[in-house]
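Colleague: I would like a close look at one part of this model. Please take the metal site, then work outward from there.

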Amino acid sequence: MEGDSFTWDLTDLYQSPGGPAWTADLNLGMERARQFQDSYRGIDLSLLSPDAFFRALKEYESIQEEGVKPFLYASLLFSEDSQNNEYKTLLQKAKEQWNELENQLLFFRLALIALPQEKLQELQSHPPMKTYHHALDFLRRFRPFTRGEKEEEIFSRKNLTGRSAFTTLFDEFTGSFSFRLEVEGEEKEFTGSQMLSLLYSPDRPLRERAFRTYLNRHGENQLVLGTIFNSLIFDAQIEDDLRGYRGPMHRTHLENEIRPETVELMMEVTEAHYPLAREYFQVKACLLGLPKLRNYDLYAPLPSSPKKIPFEDARGLLLQSFQGFHPLFGRIAGDFFENRWIDAPPRKGKYGGAFCSGMTPSLHPYILLNYTGNPRDVLTLAHEMGHGIHFYLARGQTLMNFDPPLTLAETASVFGELVMTQALLREERDLTVRLALLCIEIEDMIATIFRQNVLTRFEQQAYQKRRDHLLSSEEIGGLWLEANAGLFGDSVEMIPEYRWGWAYISHFIHSRFYCYSYIFGELVSLALFQKYEEEGPSFLNRLVRLLEQGGSGSPHDLLKDAGVDIERADFWEKGFQVIRRLIDELKSFGPRNKGCIAS
Ligand SMILES: [Zn+2]
């Protein structure tokens, strides 16, 4: 890739890194936060008139929106080159100031949570407050579980040597692991994430050695890892009891605004479709020429590697497929390319993955990629563009209503990927590209839906058993294998070292029960896609409306507006119909793969 046109242009934000405008914004943010404190700290919000309250809320929101801009800019710079010392210093400064600004505003958030119900209702009935209904209701849900200021302070300070200490220990300890492995006759050193990325290697013995070595290292350190896991579960139980949460998932459900029954229904429907994943594992084994997959084969590439797709071609494909899907999608995606809101080529020092930064409603989103021309990269572009369009459309919301809830955050990105996949399957003549695309799509869905279901079931078991007694590492390993066996059945052989597979999942450490929101998000998106397939273009207006609403309502309400009822089992079934179709499509490939599709 040559020239500037595929790197991003950040001058919409600031003319130059650390220039006078940047510094001025940084100082202004702090100044406004200080003034806000002077005006409102110690004031009983329930004594404010609805108009005065509305003004305070607007100011609170505006300080954050303007205050975060220097920080977002520095983050983008740093992600494009983490080895640049100027960017590093800039980011550090912006981060410290932003934390300070947030601390200064914290009192207001707590005061909002503490508002008496009657006063809140009175304020909410004030017409200009309409757009803040949901945001205020959301905060209030935590009121029964929020303790007094003194107790909250004790929680938060004791956490530094409690929960956070264990989390940091996990990060630093596992981060210090390095692995030696012979690759192509040469012994090399690898980090943990490099070891896991070897699971995508075409070299089977290498995949096997990498995974066994990686898992064994966790097994050797079971004493530390097991203690961290036990302590975090126990800590969560103590805090839940003190705060009055009912069960280990209660708090997560409140944060996600989802009823426990809905989550359980979703998980049961997912389990009923485990055979679908097993069917795919069998097809994949055959495509790889293996009698049966082992753990380390799940993400192996197909034997014949597809041709490279230049970025120009990917851009053309994306614009054409998005335009065909909805002219609005085509137009917005065009803006991203024309105005250089995308940074595509890999460079030394650049952040290694891909993301879309939504920024704030008054700015526009940016996308970072590491585009190398593989089919996966084309799908990643479509995925991130989906996020970009979602944020772009939500810009009509104010900051507090801007970010979509976790459970709906992947809606447009999954649509983007599917729209692109379908277009490529229709037009691409190269069989290896089509096969690769289908496998990537299906494997991503299995990893996001089925695997996360296994992870959540395992976590539920561990929390339940820990109420009773301290869990030995052996016992944790047993629970882990059991949960995985439920999915794999006899379609995948688990290697003995896989009993340490739980020990490297950082979600268990950083945010318990986070994993089910992946299942939820992906299934909702697939189900909406299935609805689109059934209803045709008339569904598109509802989709656009859903995206425009950003985070202004609960997932339940936003989806209800889109004509979807998440309390019904047949809604969750819909997502699996999309996976069923992709697997059928894979199986329909010509005589070449006949042997693989006879079963
Ligand atoms: Zn995403």
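Which word fits Glu-410: buried, partly exposed or exposed?

Modeller: Glu-410 is partly exposed. Its relative accessible area is 28%, and the class called buried ends under 20%. Keep in mind that this is a predicted model.

Now the site itself. His-383 and His-387 each give the zinc ion an NE2 atom. Glu-410 supplies OE donors, listed twice. The distances run from 2.1 to 2.7 Å. Along the chain, the donors of the zinc ion are spaced as H-x3-H-x22-E. The pair His-383 and Glu-410 links distant parts of the chain, 27 residues apart. His-383 sits in helix H17, residues 375-393. Glu-410 belongs to the loop between H17 and helix H18, which covers 411-427.

The geometry is irregular, because the angles subtended by the four donor atoms around the zinc ion go from 51 to 138 degrees. A tetrahedral label would need all angles between 85 and 135 degrees. For reference, the ideal angle for four tetrahedral donors is 109.5 degrees.

Accessibility separates two of the ligands. His-383 counts as buried, because its relative accessibility is 15%. Glu-410, at 28%, is partly exposed.

Next, Glu-61. This residue lies in helix H2, residues 50-67. Glu-61 is buried, with 4% relative accessible area. Its side chain comes to 3.2 Å from the backbone nitrogen of Leu-399.

Cysteines are quickly dealt with. Searching the whole structure gives zero disulfides. Cys-356 is buried at 14% relative accessibility. Cys-439 is also buried, at 3%.

Aromatic contacts come next. The structure has 46 aromatic pairs. Take Phe-36 with Phe-108: the ring centres are 5.1 Å apart and the planes stand at 75 degrees, so this pair is edge-to-face. Phe-36 is in helix H1 (residues 20-40) and Phe-108 is in helix H4 (residues 85-114), so the pair ties together parts 72 residues apart in sequence. Both ends are buried: Phe-36 has a relative accessible area of 2%, and Phe-108 is at 1%.

There is also an aromatic cluster. Its members are Phe-211, Phe-229, Phe-458, Trp-480, Tyr-498, Trp-502 and Phe-508.

Two arginines lie over rings. Arg-243 is over the face of Phe-155, with 4.2 Å to the ring centre. Arg-466 is over the face of Phe-234, with 4.5 Å to the ring centre.

Two aliphatic residues round off the tour. Val-433 is found in helix H19, residues 431-468. Val-433 is buried, at 0% relative accessible area. From its C-alpha atom to that of Leu-363 the separation is 37 Å, and the two residues are 70 apart along the chain. Ile-579 is found in helix H25, residues 569-587. Ile-579 is buried too, at 1% relative accessibility. Its C-alpha atom is 8.5 Å from that of Leu-526, with the two positions 53 residues apart along the chain numbering.

Back to your starting point. The zinc ion has His-383, His-387 and Glu-410 as its ligands. Its arrangement is irregular. Of those ligands, His-383 is buried, while Glu-410 is partly exposed.

Terms used: Residues numbered from 1 in each chain as written. Predicted model: local features only at pLDDT ≥ 70, side-chain atom pairs only at ≥ 80, totals over all residues. Heavy atoms only, no water. Disulfide = S-S within 2.5 Å. Buried < 20%, exposed > 50% of the residue type's maximum accessible area, 1.4 Å probe, protein only. Donors = N, O, S within 2.8 Å, 3.2 Å for Na, K, Ca; no water. Tetrahedral: all angles 85-135°; square planar, octahedral: opposite > 155°, others 65-115°. Helix = DSSP H or I, 4+ residues; strand = E, 2+ residues; numbered from the N terminus. Phe/Tyr/Trp six-rings, centres within 6.5 Å; stacked < 30°, edge-to-face > 60°. Lys NZ or Arg CZ within 6 Å of the ring centre and 35° of its normal. Polar contact = N/O pair within 3.5 Å; in protein donor to acceptor, adjacent residues only side chain to side chain.
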